[in-house]
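Hi,

Here's the structure I said I'd pass along. Have a look at it first, and then read on for what turned up.

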Amino acid sequence: MKKTLTSLALAASLMTAAAVEAGDKLLLKTPIAFSTSLPGLGSPIPRVAEQLGLMSGGTLKMKVYEPGKLVPPFEILDAVSSGKINSGYTTAGYWAGKIPAAPLFSAVPFGPEAGEYMAWLYYGNGLTLYQEMYDQAGFNVKVLPCAVIAPETSGWFAKEINAPADLEGLKMRFFGLGGKVMQKLGVATSLLPGGEIFPALEKGAIDATEFSMPAIDARLGFHKLVKFNYFPGWHQQATVFELLVNKDVWNGASEQHRAIIENACKASMTDSFAEGEAIQHAALIDNVENNDVQIKQWNQEMLDTFRATWNEVAEEEAANDTFFAKVLGDMNGFRDGYAIWKENAFLPRK
């Protein structure tokens, strides 16, 4: 009888422990850097929020705040690190001024496409280096890749660009490491949040801009002001977006909640990539047929100039920052191996 009571007590205690663990609740208050109205860019995070609630049975929730509603987009990293907020959705390229290597985890000129990027992140050293970057820089955050999109347009211009000299003197909104390339080519660059680009174009504060993929740019109305849309997006063949969670909050979360967040973000990588790929052609057709946009391809001289200038920028950045050199070296080493697969397995492009 005593053994039976002991067994029942043990079972009851285990059930109670399980109930307590299941009852632990976590609310992620998540300001975002991109409007949820922007497909593939801001739209993934509400779907992540929905899945967190469903997969956890309601014990894990995310409340999404549109850009500027809780924290300005460019302040998300500091706010998450300090604990002012417990999470945020953004892109590492916004932290170039704080961490030189950060843009390598967002988009790399002439860099990996989405599949290759994910391969490096998940099955190379990418994720380890990504977290190490924030740790080394003193930011108290856990980082999770949580969306990825395929190539962006290379920019919107008011006039044709046929030679490098045509870029000199332009004022242009430009993102990340590609912006450093453009600066070397005589462009005065600025990094503006999406919602500020159209007014800047309209007022003449900038002459040209790049932002994202055609379907996303369409929502911001660039075609109303500038009519030459250039491709390919050499500066962003793929762009990764991140969910940042305050590390104290992350460490205090249950293993179940951490696993749910990690897997929801992995699923979002697939979902965001698929969404982006599905909707671009309609935007291109609409631009040409209804908005008088001219779709332009960079000529070989321009592409060669962009690539050569990027190589100069990469060398300079690596010489100035040892961690940048470490990450770029690891990424390039992975890409050298991947190139053997890519060159043999995929159909050649015409």
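To start with something you can check by clicking around: which residue forms a salt bridge with K180? The partner is E317, and the closest N and O atoms of the two are 3.7 Å apart. K180 sits in helix α6 (residues 176-184) and E317 in helix α11 (residues 300-320), so this pair ties together parts that are 137 residues apart in sequence. The two ends differ in burial class: K180 has 32% relative accessibility and therefore counts as partly exposed, while E317, at 14%, is buried.

Before you go further, keep in mind that this is a predicted model.

**Other salt bridges**

The count comes to 12 salt bridges. As background, side chains of opposite charge can pair when their charged atoms come close. Two of the bridges involve helix α12 (residues 322-345).

One is E113 with K342, whose side chains meet at 3.8 Å, N to O. E113 is in the loop between β3 and α4 (114-123) and K342 is in α12, so the bridge ties together parts that are 229 residues apart in sequence. Both ends are partly exposed, E113 because its relative accessibility is 24% and K342 because its relative accessible area is 31%.

The other is E116 with R335, where the closest N and O atoms are 3.0 Å apart. Here the link runs between distant parts of the chain, from E116 in helix α4 to R335 in helix α12, 219 residues apart. E116 has a relative accessible area of 4%, so E116 is buried, whereas R335 comes out at 22% and so counts as partly exposed.

There's also a network of salt bridges that links R47, D271 and E275.

**The disulfide**

How many disulfides does the structure hold? There is 1, formed by C146 and C265, with their sulfur atoms 2.2 Å apart. This pair links distant parts of the chain: C146 belongs to strand β4 and C265 to helix α10, with their positions 119 residues apart in the numbering. The angle about the S-S bond is -80°, and the link is left-handed. Both cysteines, C146 and C265, are buried.

**Helix α2**

Helix α2 covers residues 44-56, 13 residues in total. From first C-alpha to last, α2 reaches 18 Å, close to the 18 Å expected at 1.5 Å a residue. The buried positions in α2 are P44, I45, V48, A49, L52, G53 and S56. And what do those buried residues pack against? Four strands and a helix: β1 (26-31), β2 (60-65), β3 (87-90), β4 (141-149) and α10 (255-290). So you'll meet β4 and α10 again here, the two elements that hold the disulfide cysteines. After α2 comes G57, which has a positive phi, near 70°.

**Y65**

Last one: Y65, which is found in strand β2. Is Y65 buried or exposed? Its relative accessibility is 17%, and the cut-off for buried is under 20%, so Y65 counts as buried. Apart from its neighbours within four places in sequence, Y65 is in contact with K29, T30, P31, I32 and L70. If you're wondering about F139, Y65 and F139 are 74 residues apart in sequence and 22 Å apart in space, C-alpha to C-alpha.

Cheers

Technical notes:
Residues numbered from 1 in each chain as written. Predicted model: local features only at pLDDT ≥ 70, side-chain atom pairs only at ≥ 80, totals over all residues. Heavy atoms only, no water. Expected span 1.5 Å × (residues − 1). Buried < 20%, exposed > 50% of the residue type's maximum accessible area, 1.4 Å probe, protein only. Contact = heavy atoms within 4.5 Å. Disulfide = S-S within 2.5 Å. Salt bridge = Lys/Arg side-chain N within 4 Å of Asp/Glu carboxyl O.
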